Each structure stands twice: as structure tokens, then as C-alpha cells.
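Me: I am new to this structure and would like to go through it slowly, one question at a time. Please reason a little before you settle on each answer.

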2 protein chains.
Amino acid sequence: MERMEILYLSQKEVASFGIPMAEIVIAVEKRFIEMGNGRVEMPPKPGIHPGADENNFIHAMPAYIPSLASAGVKWVSGYPPNQAKGLPYITGLLILNDPETGIPKAVMDCTWITAMRTGTASAVSAKYLARPESSKIGILACGMQGHTNLEAMNAVFPLKKVIAYDVSTRQAKHLADFADKTLGLEVEIVHDPRLAVSGCDIIVTSGPILKTPHETIRAGWVDEGTFASLVDFDSYWSQNALNQADKWTTDHLEQYEHFKTKGGYFQNCPEVCAELGEFVTGKKPAREKQEEKTFAVNLGLAMEDMAVVPLVFQRAIEMNIGTRLPL
Amino acid sequence: MERMEILYLSQKEVASFGIPMAEIVIAVEKRFIEMGNGRVEMPPKPGIHPGADENNFIHAMPAYIPSLASAGVKWVSGYPPNQAKGLPYITGLLILNDPETGIPKAVMDCTWITAMRTGTASAVSAKYLARPESSKIGILACGMQGHTNLEAMNAVFPLKKVIAYDVSTRQAKHLADFADKTLGLEVEIVHDPRLAVSGCDIIVTSGPILKTPHETIRAGWVDEGTFASLVDFDSYWSQNALNQADKWTTDHLEQYEHFKTKGGYFQNCPEVCAELGEFVTGKKPAREKQEEKTFAVNLGLAMEDMAVVPLVFQRAIEMNIGTRLPL
């Protein structure tokens, strides 16, 4: 029997390749088209919920994309109490397998891929649901997801101005610095969350995911013609604000329903009118009018991770980065 | 933020601790009692099915056992065509997390744990469903599972004689050698599968799992008072042979129903009368009469893996074995 080996890549190594956001947006959009055409295998993600906080989760996210020969699983945890301990909210690993034999070929830290692909899913939704001339973006909660969502939106839209809101001013400053120095955008830090919502073309809410929404955003704040990506589910939104949506979309209806019926999320949300795979393939309409308020609640799909991981693995092999380990 | 590290253990390292089968049987039985009392979190295992063979699978198996502080996932593949390529049927990895923070703390090859815990689940079922004086065991398919099932049964019963059947004589000889030299048992290799069924107190079928049973075992072969563990689901059995079961049990009814309705397995099997967790806790009867023919179809539970992995992890830490990697 031949010697079997896996390649291990740390968070630092995965990030070191500096894969451009624009490349990731295209990779993810392509796989949503395949998903819309039924060419991806992705069961709903099951999870466990250890620890004292009811919002803690560790999810198993398996997917197989035949066209990329990409098969594997992400095992990712989200622990809101970690932040107070100086630990990351999101941690986890991703395993990549050879689809021909099922044998694992790589294990890597999943946080970089998770952050990047979540941003790109928002940007793919926005490409179809936001006005193409969108230039002003509000980011509510300026952590890792705030950064990558902003970066991905900037790869798709002619952004000019960022309005940054966070309960932590340090976090807001961190994002402002990134928007200014790395992306070259004008930034304003605000202490009233309404200012990061009203007057914006695109809104991203990207705090921790909570079972009970804190309802910071109220009815009447969202302008006509705005697109909102709710990376943290409905955690930021009051029921009345959500009911002002003209189109309410998700990346995966089956999983959305699973979260709703089994998980207790989305209890006060509008009905889903279309899946992301349906409007990227033109099977259902995306934005139809200038004044529509469009919303995307993308749950984060294993398929997105498996769309990005080949970009990472290929670079690691080419550049001979990582630690080889016997299986 | 503190530096985060994971410990990696290869298949060879995991096996090197030589954890005794009797210790594993007790660890697994204890967790079945907890499961029977509702103290384990274990969602059904989802999977993907790459490759040309419809029997290929890669399953995600998450579980959390609060009493052991054991939380994690096994990502395990079974590819029947691998054997013809000189590759293992079962491969995969297991990730162990800190339940307090969700952060991964170890990754290890899962094949040793899978083999051992599957054997022990059979033995725990047998402890309650086989006659205590059982001494003659038939093993049909003498691969890895044949070995560990035999070893586990030998840890629980006063075994004397092993009847070994395999379509590959080399495999049968391999098991015979193990039974003789390692376990000190009398062994007979047979070329007629009926001889490994009729006259045996305990039967284990442990070939590859197939959607369409090959129906080698026919009605009338199983004696009164026999217990059978169907490690390979119903792959070995004809419908008429299965219908002679007096008690048909499984380790997890929800998962059994999932495999039946979604996976297309168990189409011609009797109704399940009890779950393993129900008879280890005395909530339902196990064997009641000498002459009963009792069957266990244990699907393999994530909970079993998470019951065993702390035994491995603890030894690795104590003996300073494994490779430390930055997360």
C-alpha cells in the first residue's frame, strides 16, 4: 500500500497566498450558477452546541462540486463568549478529500476561507440585488466579516464612502483604517447606528449570530432602493424593519427552513422569494425596480468553501507551502 | 491573543498506544447508557457521494458528550472500489474540539478508532442480546472489521472457536492467524458461508456496505438462540433470512430511518424493536428467551468515536506523542 500523506496549512499559511478578492468573487459566483443548475451535492449542515451560551455552535459543512473535483468538509465553530476572553469568535478546520478515492489530502485552518467566501456571497447577492451604481455602504459591526464584506463589495461596486458603526470604537477604527489605507475609500465612524443605515446604498450587518435579535435597526431607517446583506441573520433587525423588505432572499432555502424550524431563527422574517442560485441563473427575477428594498440572508454554504479551497490548495502545491504529515 | 496549537496524530501514532479492547468496550457501553438517558448531542450524519460507484460515501459525524467534555467530528469515507486499487476501504480524520471555546485541539487519523469502536458497539449489543455462554463465532468477511469485532466479542464472551469465511482466502488466513496467535482461539477457515452461520452462537457480517444486498446468507441457516451483528448493514442477507429474526435492533433509530428513507438501505428488513440505548438502560427488554434469534444493525455513531477519542488524546499528551501545529 502506498504511503498516504496529507498537507497541513495554518491560518497564516492560508492567508499568505493573498488570493485576490475579485478572483474569489468569480469562483463563488460560478459555483452558485452550478448550484442553481443542480450540479452540487450539499446536505444541510448539522451541528453540536457545547458550552453554557445557547448561541455557541460547531457546524459540519460537507460539499462536493464535481466540476472542480472539490470534495470535503468544514468543521467550524462560532462562540460569541470567546471575544470577551480574547479568543476568536470563529475557529475551525477544513478537510479536502480526493473525490476519486475519498482519501483526505489536506487539512487547513478555515478562518481565512470562511471570512473571504462569506464576503463574496454577500457581493454575489449584491451584484444581482443592489443598484449597480451603489457607492455608499454602511457596515454595522466592524470585525472580520465587516472587513471582508467591505472588500468584496468594493471588488464589485464603485464604492466611494463607508459608514462604520460598532459598539466597540476600537473595532470601528480598525475597519476605518482598512477602508482608508488598504481600499482607498472615504470613511466616517458613527456612534448612532441609524447613520450607517439611512442614506446608504448597501448595508451589511455582521455581528455575532444571536437567537434573540437585539433589534438595533428600526422601521423607517432603510431608504428606498437599498440592498442589505444580513451576515448575522436577523440579529440586528427589528421585525418592523424587516417587514419593509420588498424582496427577501437566501442562499439556500432548505437550510433556511432548517434553521427556522429546528434552530428557532428567523421567527419574524418575511417569506423567502428566491434563492441565490435561482437569480444568478435567471430562473427568478433579482432587482426589478429602482426603489425596491432588497435583502439577502446568506447562511454560509459548504459549497462556497469548497469553491474557494482549490484556489488555496493549488497555490500551496505550486509554492511548496505547508507541512506534510503521514496519514 | 494567545498562540493556538493543534496536535496531529497519524494512524500509526493512534494505534501505538495499544489501548486495550476491554477498556474501549466499557467506555462505549457507558456512553450508550448516557445516550439512552438523553445526555449526548448527536445530529444525524450527512454525507457526500463522489466518484463513479454509488456505494462511495464520505460522512460527517459530529457529537458532543458533556460528561467527557468530548466534542468533535469524524469525517470518514468508505469507497468499496479502493480495495481493488490496493487502497483502504475506510479512510478519514477526526477533529477534537475544546467544548468551552469551540477551538480545535487535535486532528487524528480515524481508522483505528473507527475499527475499534465499531467492534465494541457489536460487543455491547451482544452483551445484552447474545447468550452469555456463547463460545462459537462465525465471521463473514475477514477484513479490519472482522478482526476488531472478533477481538471485542472475545473481550466479553468465553469464546473458544472461530469460523472464518471470506471470498478472499488470503483475508480469511489473515484473520485465522490473528485469532490463533493473538487471541489464542481455535480457528477453522471455511469455503461454504453456511458453515460460518449454522451452529454459531454469534455471527458477524463485516463486508463492504452495499445498497443492493448480495444475499449470501439464506433462510434456515441461522440457528435458534443465535445473535448476529450486521456491521455491513443487510449486505450479506437475503430477505427471507432476515425475516427469521425475533428481535431486530439498531444503535440509533433516527439515523436508521434516515438511511432507509433517504439512502435506500434496509428496504427488506424487519421492524426495529429497540435501540441499543434503550436496552442498556433497561427501558426495553434485550434477550428474553434462550431460543430467540436476535439481530443488531449498528450504523456506527459519532458518539462512539467521541467516547473513545479522549482515551487516545490523554495518552498522546501524557506520552508527548504527535506533531504540534499552529492553528
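Me: Which residue in β6(A) does Leu93(A) stand opposite?

Reply: This is a predicted model, and what follows should be read in that light. Strand β5 of chain A covers residues 90–97, and it pairs with strand β6, residues 104–109 of chain A, in the antiparallel sense over 5 bridges. Within that pairing, the residue that stands opposite Leu93(A) is Asp109(A).

Me: How many residues lie between β5(A) and β6(A) in their hairpin?

Reply: The two strands are antiparallel partners, and together they form a hairpin whose turn includes Gly102(A), a residue with a positive phi of about 80°. The count of residues between β5(A) and β6(A) is 6.

Me: How many residues of strand β5 of chain A are buried?

Reply: Besides β6(A), with which it has 5 bridges, β5(A) also pairs with strand β4, residues 70–78 of chain A, in the antiparallel sense over 8 bridges. One of the positions in that second pairing joins Ala71(A) to its bridge partner Asn97(A) in β5(A). The strand β5(A) is mostly covered, and of its 8 residues the number buried is 7.

Me: Why is strand β7 of chain B described as largely enclosed by the rest of the structure?

Reply: Strand β7(B) pairs in the parallel sense with strand β8, residues 161–165 of chain B, over 5 bridges, and it runs parallel to strand β10, residues 202–205 of chain B, with 4 bridges joining them. In the first pairing Ile139(B) has Ala164(B) as its bridge partner, while in the second Leu140(B) stands opposite Thr205(B). The strand, residues 136–140, is largely enclosed because the buried share of its residues is 4 of the 5.

Me: Through which helix does the chain cross from β7(B) to β8(B)?

Reply: The two strands are parallel, and the link between them is a β-α-β crossover that is right-handed. The helix on this path spans residues 144–156 of chain B, and its name is α4.

Me: Which element gives the most to the side of domain 1 of chain A that touches domain 2 of chain A?

Reply: Chain A is assigned a domain 1 (5–113 + 303–326) and a domain 2 (122–301), and 20 residues of the former are in contact with 21 residues of the latter. On the domain 1 side, α2 (21–36) and α9 (302–319) each supply at least two residues. With 9 residues, the element that gives the most is α2(A).

Methods:
Residues are numbered from 1 along each chain as its sequence is written. Chains are lettered from A and ligands numbered from 1 in the order in which they are written. This is a predicted model: local features need pLDDT of at least 70, side-chain atom pairs count only at pLDDT 80 or more; totals for chains, interfaces and linings use all residues. Domain bounds come from an automatic or database domain assignment. Two residues are in contact if their C-beta atoms, placed from the backbone, lie within 7 Å. A residue is buried if 20 or more other C-beta atoms lie within 10 Å of its own, exposed if 12 or fewer, and partly exposed in between; C-beta atoms are placed from the backbone. Two strands pair if DSSP finds at least two bridges between them. A crossover is right-handed if, with the strands pointing away from the viewer, the path from the first strand over the helix to the second runs clockwise.
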